[in-house]
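Please open the structure in your viewer and keep the selection panel at hand. The stops below go from a sheet to a cavity.

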Amino acid sequence: MPTQTANEETRLSFWLHVRAFAVPPSMIEAATARRLAGDWAAACTAAHIDPDVDLRSLARTRGADLAARIRADLRHLAPDLLRWHMPRIAPRGLLRPGLTITLARYGVADGDDGRPVHLVARTPPAWADAGQRISLALWDGSHREGFAPGHPHPHPHPDPRFRLDLHPHLWDARRAAELRTRSGADRPPSEDDPATAPALPAVLPQGHGCAVDRWAAEAAVLLRAEGRPTGSGAAPGPRTAAAVAVRLGARRWLHVDVDPGTDATRPGPPVLRNAVASTGRHALPVLPDAATWVLPDLELLRSGAVEADRLHPLVASALVPGRAPAGPSGVRDEAGQPRLVDCRGARHRIGLVDGVLAALDHGPAEIRREELLAELTGTPLPCLQAIDRAHRSPESLTDVRERLRHGDITGALAVVEGLLGADARLRSGALRDELEAAAQRRIAYGLFRAGLSGPGQVAPDRRRPRERRSHPRHVRFH
């Protein structure tokens, strides 16, 4: 993906924004505690993931062995880690809508109907993405399953481009340490890497952010999973090259030949041989996005944009071995820090008193007199004007808005309470509008989950803001 996009955001600034708001420390802390306690369903709830998996029904229809395998994987699922690595779109870094992603694929057992079972993660369509919820479900291709009976998901089939069954280290706590090797963090980037075939750099855009040094190894993993380690129908041999399709953008593909290097006559790691630009994937296996692009956290660390303690603890421990990341920091509390205001030639303080933002350097009688003057269309004290501005459109409104967009209602309310106090009554203005809009969007998502609403049935005031694009196809990050 090119470093510069249509909205002039760089990959680093985009992912810095995502890491700041998408998965708050409080969510990581709560989900981790519940996962370690053995309650996988509660861990999913803490990470805003709705588990739609009925293991008892599965045991009756597909057998106890399959249900036991899926239950074991769910117990080690780190839902906060899954949310950390989910595909996102620009410019806000929200979850890619309407997506079905395979997390694990379970083979067919004797007596089954021939359809393998997939454990999948699904994101709702863009019109119902309030709260940035994710659902877990089982999919076997038998029918158009969705979030609710009679209300199918827009894309129920797993998308091969975003599959994570070949990358369990991105969601399974047991294998999180593999991230260091699979991301290429165990060796520094090198322009002389043998995996970069001479023809390859010429077809890649400048500042592409592609994990070219990992393509050969990841392609070998993909081809083995597809059951064709030596390519499509080719006879195996020492010089046989397998081919995969790599998506770089809209109608921008590469057909990459890979020498698996696994036979007796040519031992060694896989090597890229050639790459040809194309406008389509044709019948080739698609290299997943998780293997196509450099891991964003690795880019952030190498550029010095973040420290390890700002990453997810499992990611930090894998990318920076031996360094124990700091615990979740939560939202900064400003309640005990009065702010200064220039008020009629003096510096006055405003701060929280009994859970409400108040002018600390004015007596009750003066405050009542000034409030009465304001009701009579007079000009109140600058201290009272500052308090009114804080209620209507505070300086931290951007932080509140971004937390609400990413579903962090707890964090957004903590910022508001730290600014205005827990007992403050919100006045009309931008802050109140944002909180009311977030509540209305949550209602739209609830109706979608219940199968009671569709994209054409949402009330006008519940539709997403005009700045949100219904098809964010041309401004996105992978």
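Begin by selecting β1 together with strand β6 (residues 134–139), which run parallel and are joined by 3 bridges; strands here are DSSP runs of E with at least two residues, helices are runs of H or I with at least four, both numbered from the N terminus, and two strands pair if DSSP finds at least two bridges between them. Within this pair, pick Asp50, whose bridge partner in β6 is Ser135. This is a predicted model, in which local features need pLDDT of at least 70, side-chain atom pairs count only at pLDDT 80 or more, and totals for chains, interfaces and linings use all residues. Residues are numbered from 1 along each chain as its sequence is written, and side-chain values use heavy atoms, leaving out hydrogens and water.

Widen the selection to the open sheet, where 4 strands with mixed pairing follow the order β1-β6-β5-β4. Because β1 (49–51) and β4 (100–106) each have a single partner strand, they stand at the edges with one side lacking a neighbour in the sheet.

Next, select helix α5 (residues 64–75), which packs on the sheet and touches β4, β5 (117–122) and β6, contact meaning heavy atoms within 4.5 Å.

Finally, turn to the largest cavity, and show His85, Leu170, Asp289, Ala290 and Pro296, which lie nearest its centre among 30 lining residues; a cavity is a set of points on a 1 Å grid over the protein atoms alone where a 1.4 Å probe fits but cannot get out, and lining residues have an atom within 4 Å of a point. Colour α10 as well, since the largest share of this lining, 3 residues, comes from α10.

Key. Axes fitted to C-alpha atoms, helices over the stretch in contact; angles between N-to-C directions. 1 Å grid on protein atoms, 1.4 Å probe; cavity = no way out; pocket = protein on both sides within 12 Å on 5 of 7 lines; lining within 4 Å.
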